[in-house]
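Here's a quick tour of a protein model. Have a look at the sequence and the structure first, then read on.

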Amino acid sequence: MSAIFSSSMMGRSLTLNGPQASRNAARASSSRVVCQASPAIQNIRIKLRSYKVPELIESCEKICAAAAASNATAVGPIALPTRRKIFCVLRSPHVNKDSREHFEIRTHQRLIDLKNPSAQTIDSLMQIDLPAGVDIEVKL
(Lines give C-alpha, C1' and ligand atoms only; values in the text may rest on other atoms or scores of the structure.)
Protein backbone atom coordinates (compact mmCIF):
# COMPACT_ATOMS: atom_id res chain seq x y z
CA MET A 1 0.00 0.00 0.00
CA SER A 2 2.90 2.35 -0.22
CA ALA A 3 2.81 4.93 -2.96
CA ILE A 4 5.42 7.27 -4.22
CA PHE A 5 4.64 10.98 -4.53
CA SER A 6 6.98 13.18 -6.51
CA SER A 7 6.75 16.92 -6.87
CA SER A 8 9.04 19.55 -8.28
CA MET A 9 9.04 23.03 -6.83
CA MET A 10 11.43 25.64 -8.19
CA GLY A 11 13.76 23.05 -9.68
CA ARG A 12 13.82 20.85 -6.57
CA SER A 13 12.23 17.44 -6.48
CA LEU A 14 10.54 16.00 -3.41
CA THR A 15 9.76 12.31 -3.06
CA LEU A 16 7.54 10.86 -0.36
CA ASN A 17 7.11 7.17 0.36
CA GLY A 18 4.49 5.56 2.55
CA PRO A 19 0.77 5.60 3.23
CA GLN A 20 0.57 9.42 3.41
CA ALA A 21 1.97 9.79 -0.08
CA SER A 22 -1.27 8.66 -1.72
CA ARG A 23 -3.28 11.19 0.34
CA ASN A 24 -0.86 13.97 -0.57
CA ALA A 25 -1.05 13.04 -4.23
CA ALA A 26 -4.86 13.23 -4.17
CA ARG A 27 -4.74 16.64 -2.49
CA ALA A 28 -2.16 18.01 -4.92
CA SER A 29 -4.18 17.00 -7.97
CA SER A 30 -7.55 18.28 -6.71
CA SER A 31 -6.55 21.58 -5.08
CA ARG A 32 -5.39 23.94 -7.78
CA VAL A 33 -5.75 27.62 -7.05
CA VAL A 34 -5.75 30.11 -9.87
CA CYS A 35 -4.98 33.70 -8.90
CA GLN A 36 -6.13 36.46 -11.16
CA ALA A 37 -5.17 40.08 -10.86
CA SER A 38 -8.22 42.23 -10.24
CA PRO A 39 -8.21 45.97 -10.75
CA ALA A 40 -7.67 47.85 -7.51
CA ILE A 41 -10.83 49.53 -6.29
CA GLN A 42 -10.15 52.94 -4.82
CA ASN A 43 -12.05 54.01 -1.74
CA ILE A 44 -12.20 57.29 0.10
CA ARG A 45 -13.38 57.04 3.71
CA ILE A 46 -14.70 60.29 5.20
CA LYS A 47 -15.35 60.50 8.93
CA LEU A 48 -17.32 63.51 10.18
CA ARG A 49 -17.57 64.64 13.81
CA SER A 50 -19.66 67.41 15.31
CA TYR A 51 -21.33 68.50 18.53
CA LYS A 52 -24.46 69.55 16.62
CA VAL A 53 -26.52 67.08 14.59
CA PRO A 54 -28.13 69.48 12.03
CA GLU A 55 -24.73 70.75 10.86
CA LEU A 56 -23.50 67.17 10.59
CA ILE A 57 -26.48 66.11 8.47
CA GLU A 58 -26.05 69.16 6.21
CA SER A 59 -22.39 68.26 5.66
CA CYS A 60 -23.27 64.66 4.82
CA GLU A 61 -25.84 65.80 2.24
CA LYS A 62 -23.33 68.12 0.57
CA ILE A 63 -20.68 65.37 0.35
CA CYS A 64 -23.16 62.83 -1.06
CA ALA A 65 -24.41 65.37 -3.62
CA ALA A 66 -20.85 66.13 -4.75
CA ALA A 67 -20.14 62.40 -5.11
CA ALA A 68 -23.32 61.82 -7.11
CA ALA A 69 -22.49 64.74 -9.44
CA SER A 70 -19.14 63.14 -10.35
CA ASN A 71 -20.50 59.57 -10.83
CA ALA A 72 -18.91 58.15 -7.68
CA THR A 73 -20.88 55.78 -5.47
CA ALA A 74 -21.49 57.11 -1.96
CA VAL A 75 -22.18 54.60 0.81
CA GLY A 76 -23.65 56.24 3.86
CA PRO A 77 -23.90 58.29 5.92
CA ILE A 78 -23.47 55.58 8.52
CA ALA A 79 -24.12 56.68 12.09
CA LEU A 80 -21.28 55.75 14.42
CA PRO A 81 -21.69 55.58 18.21
CA THR A 82 -22.05 58.94 19.95
CA ARG A 83 -19.28 59.67 22.42
CA ARG A 84 -20.36 61.22 25.71
CA LYS A 85 -17.87 63.04 27.90
CA ILE A 86 -19.28 63.81 31.36
CA PHE A 87 -17.81 66.42 33.70
CA CYS A 88 -18.69 66.47 37.40
CA VAL A 89 -18.30 69.90 39.07
CA LEU A 90 -18.79 71.00 42.68
CA ARG A 91 -21.48 73.66 42.97
CA SER A 92 -19.65 75.68 45.61
CA PRO A 93 -15.88 75.71 46.00
CA HIS A 94 -15.58 75.52 49.81
CA VAL A 95 -18.60 73.72 51.28
CA ASN A 96 -21.33 71.25 50.30
CA LYS A 97 -19.23 68.47 48.85
CA ASP A 98 -22.41 66.46 48.22
CA SER A 99 -23.90 69.11 45.94
CA ARG A 100 -22.57 68.59 42.42
CA GLU A 101 -23.52 69.37 38.85
CA HIS A 102 -22.97 67.15 35.83
CA PHE A 103 -22.25 68.50 32.36
CA GLU A 104 -21.76 66.48 29.21
CA ILE A 105 -20.45 66.97 25.72
CA ARG A 106 -21.81 64.66 23.02
CA THR A 107 -19.76 64.07 19.90
CA HIS A 108 -21.88 62.76 17.02
CA GLN A 109 -20.10 60.86 14.24
CA ARG A 110 -20.93 59.82 10.68
CA LEU A 111 -19.02 57.73 8.15
CA ILE A 112 -19.21 58.03 4.35
CA ASP A 113 -17.40 55.72 1.92
CA LEU A 114 -16.88 56.83 -1.68
CA LYS A 115 -16.36 53.95 -4.11
CA ASN A 116 -14.44 54.50 -7.37
CA PRO A 117 -13.80 58.24 -7.03
CA SER A 118 -12.36 60.16 -9.96
CA ALA A 119 -10.19 63.25 -10.03
CA GLN A 120 -13.37 65.28 -10.55
CA THR A 121 -14.79 63.80 -7.32
CA ILE A 122 -11.75 64.86 -5.32
CA ASP A 123 -11.84 68.37 -6.85
CA SER A 124 -15.53 68.77 -5.99
CA LEU A 125 -14.89 67.58 -2.42
CA MET A 126 -12.17 70.20 -2.02
CA GLN A 127 -14.56 72.96 -3.18
CA ILE A 128 -17.36 72.13 -0.69
CA ASP A 129 -18.01 74.81 1.93
CA LEU A 130 -18.88 72.98 5.16
CA PRO A 131 -20.13 74.48 8.47
CA ALA A 132 -17.51 75.60 10.99
CA GLY A 133 -18.45 73.10 13.71
CA VAL A 134 -17.77 69.95 11.65
CA ASP A 135 -14.47 68.08 11.89
CA ILE A 136 -13.52 66.06 8.79
CA GLU A 137 -11.06 63.16 8.54
CA VAL A 138 -10.33 61.80 5.07
CA LYS A 139 -8.52 58.52 4.40
CA LEU A 140 -7.56 57.30 0.95
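What follows covers a pocket, a nonpolar core and two residues.

This is a predicted model, where local features need pLDDT of at least 70, side-chain atom pairs count only at pLDDT 80 or more, and totals for chains, interfaces and linings use all residues. Residues are numbered from 1 along each chain as its sequence is written, and side-chain values use heavy atoms, with hydrogens and water left out.

Let's start with the largest pocket, which holds about 250 Å³ of space. Its lining includes I44, I46, I63, L125 and I128. A pocket here is an open set of 1 Å grid points where a 1.4 Å probe fits, with protein on both sides within 12 Å along at least five of seven lines; lining residues have an atom within 4 Å of a point. The lining has 11 nonpolar residues and no polar or charged ones. Helix α3 gives the largest share, 3 residues.

These elements each supply at least two lining residues:

| Element | Residues |
|---|---|
| β3 | 43–50 |
| α3 | 119–127 |
| β6 | 134–139 |

Next comes the largest nonpolar core (buried nonpolar residues joined through side-chain atoms within 4.5 Å). It has 14 residues, and I46, L48 and L114 are among those touching the most other members. In this core, α2 supplies the largest share, 5 residues.

Now for contacts, meaning heavy atoms within 4.5 Å. Beyond its neighbours within four places in sequence, L114 touches residues including I44, I46 and L125.

Is T107 buried or exposed? T107 counts as buried because its relative accessibility is 18%, and buried means under 20% (1.4 Å probe, protein chains only). T107 sits in strand β5.

Key
Grid points are joined across faces, edges and corners, and a volume is the space filled by probe spheres set on the points. Helices (H or I, at least four residues) and strands (E, at least two) are DSSP runs, numbered from the N terminus. Ala, Val, Leu, Ile, Met, Phe, Trp, Tyr, Cys and Pro count as nonpolar, Asp, Glu, Lys and Arg as charged, and the others, Gly among them, as polar. Buried means under 20% relative accessible area, exposed over 50%, partly exposed in between (1.4 Å probe, protein chains only).
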